[in-house]
Amino acid sequence: MKLITGIGGVTNGGKTTLTGRLIKNLPNCCVVHQDDFFKPQDQIELGEDGFKQWDVITALDMDAMVNTVKGWMENPVKFARSHGVTVSPASDGSDPEREIHILIIEGFLLYNYKPLLDVYNKCYYVSIPYEECKRRRSTRTYTVPDPPGLFDGHVWPMYLKHRLEMENCGLDIQYLDGMRTKDELYNQVYEDIQNSLLNVL
């Protein structure tokens, strides 16, 4: 059985932390991080707002991301092994293909790209308020540092724009409060995924 779970949300909302805990505790769980698909810096367009357009879908090689997801869908055991994930043997010693396999897709624009909309079994979206998001972002160090004014001039406006698009995409998205503790967020999502697995077994 295969389960594909999306963990989307605002920048610095806690998506990666949540995903990291889930992949350690869910069986046969792999992850695809959207951030791994950013195009090289010289391919990122300069927008009318005067900033490099990192927070838009065209900054990402979404074809490569979709192909990676399809690779997992076609053979989750092979995908797991090629990504260093230990595949649990079936309890009855049978074929590992018959076991539960979970893929978490994590990123900030998961529900804004039509070719991915049909793959999700579960969709989560972590959000935090403007002030907290700005505070957290200011404490992070990025490979390409944020120029002055980027958050208010580009990051937050793009978040609002893409969130509105996402809310109209037709997916059943469960919204998560990123102001809750890491443990509370993890427990909520872990229990929900466990319940989903029980319902389909």
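This dialogue walks through the sheet, two helices, the cysteines and one loop residue of a predicted model.

Visitor: Where should I start with the sheet, and what is the order of its strands?

Guide: The sheet is open and has five strands, in the order β2-β3-β1-β4-β5, with parallel pairing. β2 and β5 are the edge strands; each has a single partner, so one side of each has no neighbour in the sheet. From one strand to the next, the twist averages 20 degrees.

Visitor: How many bridges join β2 and β3?

Guide: Five bridges, in the parallel sense, pair β2 with β3 (residues 101-107). One residue pair to look at is V31 and its bridge partner in β3, I104.

Visitor: Which helix lies across these strands?

Guide: Helix α1 (residues 15-25) lies across β1 (2-9), β2, β3, β4 and β5. Its direction is at about 170 degrees to that of β3.

Visitor: How do I read which way the residues of a helix point?

Guide: An α-helix has 3.6 residues a turn, so residues three or four places apart point the same way. In α5, the buried residues are E132, C133, R136 and R137. Viewed down the axis of α5, these buried residues fall within an arc of 130 degrees, so they line one face of the helix. E131 and S138 are exposed on the other side of α5.

Visitor: What do the buried residues of α5 pack against?

Guide: They pack against α6. In α6, the buried residues include L150, F151, W156 and Y159. The buried residues of α6 pack against β4 (122-127), α5 (130-138) and β5 (173-177).

Visitor: What span should α6 have, and what is the distance between its end C-alpha atoms?

Guide: α6 covers residues 150-167, and at 1.5 Å a residue its 18 residues should span 26 Å. Its end C-alpha atoms are 24 Å apart, which agrees.

Visitor: How many disulfides does the count give?

Guide: A disulfide is a covalent bond between the sulfur atoms of two cysteines. The count here comes to zero. C30 is in no disulfide; the nearest cysteine sulfur, that of C29, is 6.8 Å away, whereas the cut-off is within 2.5 Å. C30 is buried, with a relative accessible area of 2%. C133 is also buried, at 0%.

Visitor: Is Q34 buried or exposed?

Guide: Q34 counts as buried because its relative accessibility is 0%, and buried means under 20%. Q34 sits in the loop between β2 (29-33) and α2 (62-74). Leaving aside neighbours within four places in sequence, its contacts include I57, M62, E106 and F108.

Conventions: Residues numbered from 1 in each chain as written. Predicted model: local features only at pLDDT ≥ 70, side-chain atom pairs only at ≥ 80, totals over all residues. Heavy atoms only, no water. Helix = DSSP H or I, 4+ residues; strand = E, 2+ residues; numbered from the N terminus. Buried < 20%, exposed > 50% of the residue type's maximum accessible area, 1.4 Å probe, protein only. Contact = heavy atoms within 4.5 Å. Expected span 1.5 Å × (residues − 1). Arc of directions from axis to C-beta. Pairing = 2+ DSSP bridges. Axes fitted to C-alpha atoms, helices over the stretch in contact; angles between N-to-C directions.
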